[in-house]
Amino acid sequence: MSLDRVISISGKPGLFKLITQTRGGFVAESLIDGKRISVSVQNNVSVLSEIAIYTLTEEVPLRQVLEKIKEKENGQPTSVKPKDSKDKLEEYFFEVLPEYDEDRVYASDIKKVLQWYNLLQQHNMLDALEEGSKSPADEEE
């Protein structure tokens, strides 16, 4: 499953995978407990493939950040826990993405990225990172 089908819903913990579309929105399944919920168009939803992290020079797609975490951790859960101190989170993220913009990427953002990575890792969904790494332009060459 690609990151195009994994979403974050504002106000709801964790990640969800899209199951099907409905007339007024769609049905999503929680990666935390497997419960299905109906999501309306009024909900604030973010598709993981559309999220990027600010760096000093550009915005790096979340997929690439998750790939870097996966490389650092050899595909295992993160060595730093999302509930660790702000300093510990920032130090870890600096190892993963040295050029991240400390003024625009907050500890709460880092915490969320680590939680998402661990959820994807727990559900064996990290392989979706490689699937999505080739853009259509790459395939034409």
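Is Ile 19 buried, partly exposed or exposed, and at what relative accessibility? In this predicted model, Ile 19 has a relative accessibility of 27% and therefore counts as partly exposed. The residue belongs to strand S2, which covers residues 16–22. Its C-alpha atom lies 8.3 Å from that of Arg 5, and the two residues are 14 positions apart in sequence.

A second isoleucine, Ile 9, is found in strand S1. Its relative accessibility is 1%, so Ile 9 counts as buried. Between Ile 9 and Asn 124 there are 21 Å in space, C-alpha to C-alpha, and 115 residues in sequence.

The largest pocket was examined next. Its space amounts to about 510 Å³. The lining is made of 24 residues, and those closest to the centre of the pocket are Ser 8, Ile 51, Asp 109, Lys 112 and Trp 116. Three elements each supply at least two residues of this lining, namely strand S1 (6–9), strand S6 (52–54) and helix H3 (107–122). The largest contribution comes from H3, which gives six residues. By residue type, the lining consists of twelve nonpolar, seven polar and five charged residues.

Trp 116, one of the residues closest to the pocket centre, can also be related to Gly 34. The C-alpha atoms of these two residues are 15 Å apart, while 82 residues separate them along the chain. Gly 34 is located in the loop that runs between strand S3 (25–30) and strand S4 (36–40). With a relative accessible area of 37%, Gly 34 is partly exposed.

Contacts of aromatic rings are described next. A pair of aromatic rings is described by the distance of the centres and the angle of the planes. The count for this model comes to one aromatic pair. It is formed by Phe 93 and Tyr 100, whose ring centres are 5.2 Å apart and whose planes meet at 80 degrees; the pair is edge-to-face because planes over 60 degrees apart are classed in this way. Both partners fall under the 20% cut-off for buried residues. Phe 93 has 0% relative accessibility and so counts as buried. Tyr 100, at 2%, counts as buried as well. Another tyrosine, Tyr 54, has the charged end of Arg 104 over its ring, at 3.8 Å from the ring centre.

Helix H1 comprises the twelve residues 62–73. At 1.5 Å a residue, this helix should span 16 Å, and the distance between its end C-alpha atoms is 16 Å, so the two values agree. Its buried residues are Leu 62, Arg 63, Val 65, Leu 66, Glu 67, Ile 69, Lys 70 and Glu 73.

H1 is followed by Asn 74. This residue has a positive phi of about 55 degrees, although it is not a glycine. Asn 74 lies in the loop between H1 and helix H2 (86–96). Its relative accessible area is 65%, so Asn 74 is exposed. The loop between H1 and H2 also holds Pro 82. In contrast to Asn 74, which is exposed, Pro 82 counts as buried, with 14% relative accessibility. Pro 82 and Leu 114 are 32 residues apart in sequence, and their C-alpha atoms are 5.9 Å apart in space.

A positive phi is also found in Asn 124, a residue other than glycine, where the value is near 50 degrees. Asn 124 is placed in the loop between H3 and helix H4 (127–131). Its relative accessibility is 67%, and Asn 124 therefore counts as exposed.

Terms used: Residues are numbered from 1 along each chain as its sequence is written. This is a predicted model: local features need pLDDT of at least 70, side-chain atom pairs count only at pLDDT 80 or more; totals for chains, interfaces and linings use all residues. Side-chain values use heavy atoms; hydrogens and water are left out. Rings of Phe, Tyr and Trp (its six-membered ring) pair if their centres lie within 6.5 Å; planes under 30 degrees apart count as stacked, over 60 as edge-to-face and the rest as tilted. Buried means under 20% relative accessible area, exposed over 50%, partly exposed in between (1.4 Å probe, protein chains only). A charge sits over a ring if NZ of Lys or CZ of Arg is within 6 Å of the ring centre and within 35 degrees of the ring normal. On a 1 Å grid over the protein atoms alone, a cavity is a set of points where a 1.4 Å probe fits but cannot get out, and a pocket is an open set with protein on both sides within 12 Å along at least five of seven lines; lining residues have an atom within 4 Å of a point. Grid points are joined across faces, edges and corners, and a volume is the space filled by probe spheres set on the points. Helices (H or I, at least four residues) and strands (E, at least two) are DSSP runs, numbered from the N terminus. Ala, Val, Leu, Ile, Met, Phe, Trp, Tyr, Cys and Pro count as nonpolar, Asp, Glu, Lys and Arg as charged, and the others, Gly among them, as polar. The expected span of a helix is 1.5 Å times one less than its number of residues.
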